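Subject: Handover of a structure

Hello,

I am passing this structure on to you, with notes on what was found in it. Please look at it first and then read on.

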Amino acid sequence: MSNLIIVESPTKIRTIKSVLGSDYDVTASMGHVRDLPAARLNVDVKNDFEPKYAVIKGKEKLVKDLKDSVGKYDNIYLATDPDREGEAIAWHLASVMGLDMKDKNRVTFNEITKSGIEAGMKHPRAINQDLVDAQQARRILDRLVGYRISPFVSQKIRRGLSAGRVQSVALRLIVDREKKIRDFKPEEYWSIDAKFSPPGSRRVFPAALTGDEKGKVEIKDKETSDKYLSRLDGAVYVVDSVKKGTRRKQPAPPFITSTLQQDASRRLGFQARRTMKVAQDLYEGVNLNGTQVGLITYMRTDSLRVSDEARAAAASYIRENYGSQYVPDKPRYFKQRNNAQDGHEAIRPTDVRRTPDSVRGSLTSDQYKLYRLIWQRFIASMMSATVQNTMKVDIKATKEGSANEYCIFSASGYSVKFDGFTTLYNIDDEKAGSMLPDLKVGDVLKLRELLGNQHFTQPPARYTEASLIKTLEENGIGRPSTYASIISTILAREYVEREAKSLKPTELGEEVTKLLEKQFPKIVNTKFTAGMESDLDKVSEGEEDYVKILREFYDDLEGTLSKAKTDMKGVKIQLESDKTDIPCEKCGRMMVIKTGRYGKFLACPGYPDCKNTKPLIEETGAACPKCGGSVIKRKSRRGYVFYGCSNYPDCDFSTWDVPAGAKDKCPNCGSSLFKHRGSLVCLKDGCGYEAKMKRSRKKTEE
């Protein structure tokens, strides 16, 4: 029998063909083949929100070839990715190819390996319409928000802006955090810190004042700190209590999408988009000695489930390479979050014996780093807990003749009794703690140092990608497949900018959030958005009708939009960043920056009384090599950036090469230099100067 398997990515083709043999042809859809065209809403709100799909531009030939293949094969299998998006792609393929939706032609591969592919082919099923409806509902909800609210936001703030159902909530979280930082008022506090040595020893250990005869101590100013230091002058320090014990520290569970993105950001400095691209490569397969092999299971998951086969393989590997004491007495299972879809296993290596070092030569640097992180986290999650010896000491400070007045200093420490999983992977990257000296109650300690130290409370930190993803997950905002795109979108829209690793809202982002909070409070409400995600989960489980959800959402949205238009009739929000100090030649008002179909330009704010506009000139600091005029940044009719002389049309100088800057001058003729294919070049006729640019050692992220 002849069989055709359709996958999303062509990188899977070789592996699948090698497993299934010559009876199977494999081709790729290259992702979605249909979508809602961008020109209009393309959702019939009066007819149960029926979407009006069209073949994606550029995929017409691919779709025609797929249609033509229908009569050539005995069986056609749809093996797109094993999530809602993949289910929807399979449904679109079946629709354009005219396949029977009730046929058992849908297969999924949790891992692109021989066992994963064979397991998937053994269990074909019909397309899950509930999963498709959940994905369609999400797509339509996003389209309704984008196409109904975005024009309003653009009209009130700046042309070309947009609002997103989930992205707007993420933006609000960032804006709210910035408000807290801005409004934060630091509070002063002090600590009394001491260093002691035990009897007959030169070893020093730290302790801090924690209480006195009245109870717990809080020191808020220098005056109080000085009073305690005065009280302690000449005091005797005696060990009052010693508590010894042990504690067990359990390993973290294997990665899910969100925790992978968080750890890759924290440990590797990867942005979420970069993490998911590399993880996709590892899932789809890499070339190992001439064989294409998937190294990890599916990377879009919120499940902590691990198959019994993988659990047993991990235990066997740990026993052989670390010893039986590193294998837990009982298999470890991890508790799922309440709203986890549990559609797939946790992210893990497909074969634990394929260690990072054994495959390093076949991987790129990024692939190796991420695979090592995934492999170590999974193996560690299957290992024994670490056991620590702990010790807590209270030290009583008294002065002769003042037995009823005393101060208490506390110190604690630990040592590792059994390293357990930390021999491979430490959750917190913490260094081994120092154990306190062997102290006994009644020991008189020698004071080595006593200081009062001033501190101030700190504002909350700005979100990083990792902390934002963690917050989105905790609040039920978005799903594993959406975290990276949420962050990419708000950065691309210039609502947020990076400051080192932090995410800082721009003025534009703050004004958009302020407008949405006032006029569309539900759209930026975390609980409402989380509730919508929960409703979509219910649709995927067949418990909710997606048309009913869309109707309720749309009716409320239209009512809110109508009120917003009435409330803000004639209102235009002017951004400080759009104001300039360039006077209008016609009326004297300071011109403002506006955005039109062909980009930004200067316009008089007195419109319609004054309709003066002119191009926005972006200086580069370079001088024209032809006439000495200013070189400015320009755009072609198709939107491509080039550089030309400000004296155009009198001077026709133009170039695609980027000006190096005002300080970079040609050593031969003094003209401005330009960057061209890794070199600095002089473009003045007859000069010909060229020099290789120095490479910066500073690593930058994608």
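The chain exposes about 36600 Å², and carbon and sulfur atoms supply 47% of that area. Please keep in mind that this is a predicted model.

Overall picture

There are 702 residues in the chain, and buried residues make up 47% of them. The program assigns 17 helices and 30 strands to the chain. Along the principal axes, the C-alpha atoms fill a box of roughly 90 × 80 × 65 Å. Taking contacts between residues at least 6 apart in sequence, 66% join residues at least 24 apart. As for charge, the chain has 119 positive side chains and 96 negative ones. The centres of these two sets lie 3 Å apart.

Helix 2

Which residues of helix 2 are buried? Helix 2 covers residues 60-69, and the buried ones are Val 63, Leu 66 and Ser 69. Seen down the axis of the helix, these buried residues fall within an arc of 120°, so they line one face. The general background is that an α-helix has 3.6 residues a turn, so residues three or four places apart point the same way. The face turned away from the buried side of helix 2 carries Lys 61 and Lys 64, both exposed. On the buried side, the residues pack against four strands and a helix: strand 1 (3-7), strand 2, strand 6 (54-55), strand 7 (75-78) and helix 3 (84-97).

Strand 2 comes up again with Met 30, which is found in the loop between strand 2 (24-28) and strand 3 (34-35). Phi of Met 30 is near 60°, a positive value in a residue other than glycine. Most residues other than glycine have a negative phi. Met 30 counts as partly exposed, because its relative accessibility is 47% and the class runs between 20% and 50%.

Two arginines

Where is Arg 138 found? Arg 138 is in helix 5, which spans residues 129-156. With a relative accessible area of 13%, Arg 138 is buried, because the cut-off for that class is under 20%. Leaving aside neighbours within four places in sequence, Arg 138 is in contact with Arg 84, Arg 165 and Arg 479, and also with Thr 482, Glu 533 and Leu 536.

Arg 354 lies outside the helices, in the loop between helix 10 (308-321) and helix 11 (356-359). Not counting residues up to four places away in sequence, Arg 354 touches Leu 288, Val 293, Gly 294, Leu 295, Val 359, Tyr 371 and Trp 375. One of these, Leu 295, is 59 residues from Arg 354 in sequence, while their C-alpha atoms are 8.1 Å apart in space.

The hairpin of strands 17 and 18

Strand 17 and strand 18 pair in the antiparallel sense over 4 bridges. Val 496 stands opposite Pro 505 of strand 18, and Glu 497 has Lys 504 as its bridge partner. How many residues lie between the strands of this hairpin? There are 2 residues between them, and Ala 500 takes a positive phi near 60° in this hairpin. Ala 500 lies in the loop between strand 17 (496-499) and strand 18 (502-505). At 77% relative accessibility, Ala 500 counts as exposed, because the cut-off for that class is over 50%.

The sheet of strands 23 to 26

In what order do the 4 strands of this open sheet run? The order is 23-24-25-26, and the pairing is antiparallel. Strand 23 (618-623) and strand 26 (654-655) are the edge strands, each pairing on one side only. Strands of a sheet pair through backbone hydrogen bonds. Between strand 23 and strand 24 (residues 630-635) there are 3 bridges, and Glu 619 stands opposite Ile 632 in strand 24.

The loop between strand 25 (641-645) and strand 26 holds Pro 649. The peptide bond from Tyr 648 to Pro 649 is cis, with omega near 10°. Most peptide bonds are trans.

Places to look at in the viewer

- Helix 2, with buried Val 63, Leu 66 and Ser 69
- Arg 138 in helix 5, and its contacts, including Glu 533
- Ala 500, in the loop between strand 17 and strand 18
- The cis peptide bond from Tyr 648 to Pro 649

Regards

How values were computed
Residues numbered from 1 in each chain as written. Predicted model: local features only at pLDDT ≥ 70, side-chain atom pairs only at ≥ 80, totals over all residues. Heavy atoms only, no water. Buried < 20%, exposed > 50% of the residue type's maximum accessible area, 1.4 Å probe, protein only. Contact = heavy atoms within 4.5 Å. Areas by Shrake-Rupley, 256 points an atom, 1.4 Å probe, with all protein chains shown as cover. Lys, Arg positive; Asp, Glu negative; His and termini not counted. Charge placed at Lys NZ, Arg CZ, Asp CG, Glu CD. Pairing = 2+ DSSP bridges. Arc of directions from axis to C-beta.
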